[in-house]
2 protein chains.
Amino acid sequence: MRKGRWKLGNILKATGKQLDALAEETAQKLDWLGGFGKDSEGGVSRLLYSKEWVDGQNALKEWMENEGLEARFDEVGNLFGTLQGKNTDETILTGSHVDTVKNGGRYDGAYGIVAGILALKYLKEQFGQPLRNIEVVSMAEEEGSRFPYTFWGSKNIVGSAKREDVETITDFDGVPFVEAMSNAGFGFRDESKGTRNDLKAFVEVHVEQGSVLETEKKSVGVVHSIVGQRRYTVEITGEANHAGTTPMGYRKDAVFAASQMIVEIITMAKEAGDPLVATVGKIEVQPNIVNVVPGKAIFTIDVRHTDKEAIVSFTEKMTARMNDISKEHVVETAIDMWMDADPVPMDQTVVELIEKQCKENGLNYKLMHSGAGHDSQIFAPVVPTAMLFVPSLKGISHNPAEFTEPADLAEGVKALIGALYELGYKE
Amino acid sequence: MRKGRWKLGNILKATGKQLDALAEETAQKLDWLGGFGKDSEGGVSRLLYSKEWVDGQNALKEWMENEGLEARFDEVGNLFGTLQGKNTDETILTGSHVDTVKNGGRYDGAYGIVAGILALKYLKEQFGQPLRNIEVVSMAEEEGSRFPYTFWGSKNIVGSAKREDVETITDFDGVPFVEAMSNAGFGFRDESKGTRNDLKAFVEVHVEQGSVLETEKKSVGVVHSIVGQRRYTVEITGEANHAGTTPMGYRKDAVFAASQMIVEIITMAKEAGDPLVATVGKIEVQPNIVNVVPGKAIFTIDVRHTDKEAIVSFTEKMTARMNDISKEHVVETAIDMWMDADPVPMDQTVVELIEKQCKENGLNYKLMHSGAGHDSQIFAPVVPTAMLFVPSLKGISHNPAEFTEPADLAEGVKALIGALYELGYKE
């Protein structure tokens, strides 16, 4: 320990070899972690409670211990590594999820864990014992890619996961959730024990999974809020008819009606401007035959914004417009909203503190929102929460081609060190 | 035989019991024929060279023989029943195809065979031997529903079927065409023998498979031409992106571009007016996930018109417009025309003769085009050809719900009797 001899600024303003070393170390650790679940298609498949997942968590536990952290699993398999503070009643938490999508990349989730361990390692090495506990967590699950359930890790930490939500679900091979959990050596949380009340802040570092930082040539994003979203399935019923024998005037063409709705929805979204986004990602046509006028068209809409009112106002206009088009085309349209998630603002105090750190240490950052969901949205309602982003090459994520420049990975770790120092070492 | 005592007009102007009897007889025969290949879903599946097909053809042969026709199969399995004329060098042919689509109806194809046999039965009974041969054919295949080949029956009659077209094809179960044909007791046509030169006219009766006659409350359609058609596959390549993290301005949304093209194509087709039709029947989106901006959209276009120039002019405009939209959206668009079939006019003389008969006999008919393909289009280039339609309930076809009112079935048979009388009995 070189307490006193080193300053935070020495790390944060590190250039040349020192920064290169941090970049290299971060990238190397991500490669190493990506080895657990490396799949034949060049990606990472590390699904909840799989062998690859168990091996990965155990390896992370060993690494945490090697760095001098107190490592332990909770009942469901979230892995914590603690740098104990003088005051053990208060904990500053960082980290992210260890699971991946099928054939995912090496950065999504994993980067937040690696950055967390490295940050604790440097903080411990240079500043010794913090005032409060600083803890890194490798959360069990966020993606919902093995079982039809998301945020199993974070929801168990804050106590919002319900036993009955997973008791009857199975994976794509029919393996029950409970059986997979038990085989991995874990079980349900003892709900009678209540939830942790030592958590004073949560800071998650994550790859952006978008291309805003890349496009704007920024190394770090300080997230002020996570978008809310509404998702819809729209089912248009017209009349299937022979493509040759049905004059245009006789038709009730579901695809024609759907296409007009899609054009208007996307046009309206462009007019609404950032941060509103609307996406028609999925279309199914019936009978979907070249020479049959389609009798049915089903499509999805995904609308997001950081402001709930903006979502409500946009989707009301959108729905009204779809109903008008439906009438004009004399088709039946059923609009089903099956997701309505509120935007989640990050904690203003933590965000400002992080921004101040970024400024003081000359980081090339941007205040921005997150268009994707993250564990942070589960924490935010109960713990002061903030997020840091680093750029994703071409915005690519959930794909083996996920990539972030090592130099940017290091900038993210530096930003996290700054944040944790502010939160964990200062009065 | 009651030659001389009965007049054509007695049949054609038949009302009350006589017409009811013909209606009932036609409907009953269609029920009977539909029993060969009756499937568990309430439809008819009588695929080329299947057991149901063989049984159906053999039963038809027996019926033809019972009606005093000379019945025989050709080499590939087309079944002919001849009412021999005084001059055996000239033959007037009628009939249609005996095969069905999978889970098809009882009328498509079958009606033309049943109407043909009934017409010959009444002509023979009431007018005796014709001047020329009048022949009814139950053609082996038209639909292409078992093997990827259409019009096998008619193409063998006119000599345009090529051995090499079917030598390597198999059905959905992997059964080779040649093996299925051989198992059914048939083989290739002896091409050295050349083709028939006795055919002086072909008249096909068929259900409309559209709803024009029904809508206009007509019992019979006299077809003046079969539409030409062009078919396209359009593949738009944009960029797949995260639906939440990609601002609207960053997107290359293949579905947005496709939707705008579809709206414009259909709108242009409506503006062009009858008889032009354009259909986008099939759409495939990739990756087709609710929260991913689609990177690819593939759709088909089917354009038809009775006039080749109109097809060319419309599709040129359509293609130009798609390319413009593609540029506006900054996506890549590949437009592949994989079908370009010319319109097929029916023989003007035969059409006029049929129309005259319909007028004289007070039939409630309409001169119209066929928006669907039929065996007649194979005959038309080599034999003077015409077609008669009867209404299809709601335009439904290729479906167990295919239905034509028995009274209309009888009107179609009457129109055919008139046509064959003009062609077969008159100098």
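**Strand 6, domain division and backbone geometry of chain A, with selected loops of chain B**

In chain A of this predicted model, strand 6 is joined by 6 bridges to strand 15 (residues 365-370), and the two strands run parallel; helices (H or I, at least four residues) and strands (E, at least two) are DSSP runs numbered from the N terminus, and two strands are taken to pair if DSSP finds at least two bridges between them. Within this pairing, A:S225 has A:H369 of strand 15 of chain A as its bridge partner. Strand 6 of chain A is also joined by 3 bridges to strand 16 (residues 385-390) of chain A, in an antiparallel arrangement, where A:G221 stands opposite A:F389. A further 2 bridges join strand 6 of chain A to strand 14 (residues 344-345) of chain A, again antiparallel, and here A:S225 stands opposite A:P345. Of the 7 residues of strand 6 (residues 220-226) of chain A, 6 are buried, so the strand is largely enclosed by the rest of the structure; buried denotes under 20% relative accessible area, exposed over 50%, and partly exposed the range in between, with a 1.4 Å probe and protein chains only.

Residues are numbered from 1 along each chain as its sequence is written, with chains lettered from A and ligands numbered from 1 in the order in which they are written. Because the model is predicted, local features need pLDDT of at least 70 and side-chain atom pairs count only at pLDDT 80 or more, whereas totals for chains, interfaces and linings use all residues, and side-chain values use heavy atoms, with hydrogens and water left out.

Chain A is divided into domain 1 (8-227 + 343-425) and domain 2 (228-341), the bounds coming from an automatic or database domain assignment. The contact between them, defined by heavy atoms within 4.5 Å, takes 7 residues from domain 1 of chain A and 10 residues from domain 2 of chain A. The centres of the two domains of chain A, taken over C-alpha atoms, are separated by 37 Å. The area buried between domain 1 and domain 2 of chain A is about 570 Å², of which carbon and sulfur atoms give 64%; buried area is the accessible area (1.4 Å probe) that two parts lose on being put together, summed over both. On the side of domain 1 of chain A, 77% of the area buried against domain 2 is supplied by A:V227, A:P343 and A:H369, more than by any other three residues. Across this interface of chain A the rule finds 0 salt bridges, a salt bridge being a side-chain nitrogen of Lys or Arg within 4 Å of a carboxyl oxygen of Asp or Glu.

For residues 228-329 of chain A, an unreviewed UniProt entry lists "domain: Peptidase M20 dimerisation"; such annotations may be inferred rather than shown by experiment, and the positions are given in the numbering used here, with feature names shortened. The end C-alpha atoms of this span of chain A lie 32 Å apart, and the span is 40% helix and 30% strand.

With respect to backbone geometry, a cis peptide bond with omega about 0° joins A:Q286 and A:P287, and A:P287 is found in the loop between strand 10 (283-286) and strand 11 (292-293) of chain A. In chain B, a cis peptide bond likewise joins B:Q286 and B:P287, with omega about 0°. Phi of A:F151, a residue other than glycine, is positive, near 60°; A:F151 lies in the loop between strand 4 (132-139) and helix 5 (152-158) of chain A and is buried, with a relative accessible area of 11%. For B:V330, phi is near 50°, also a positive value in a residue other than glycine, and B:V330 is exposed, with a relative accessible area of 53%.
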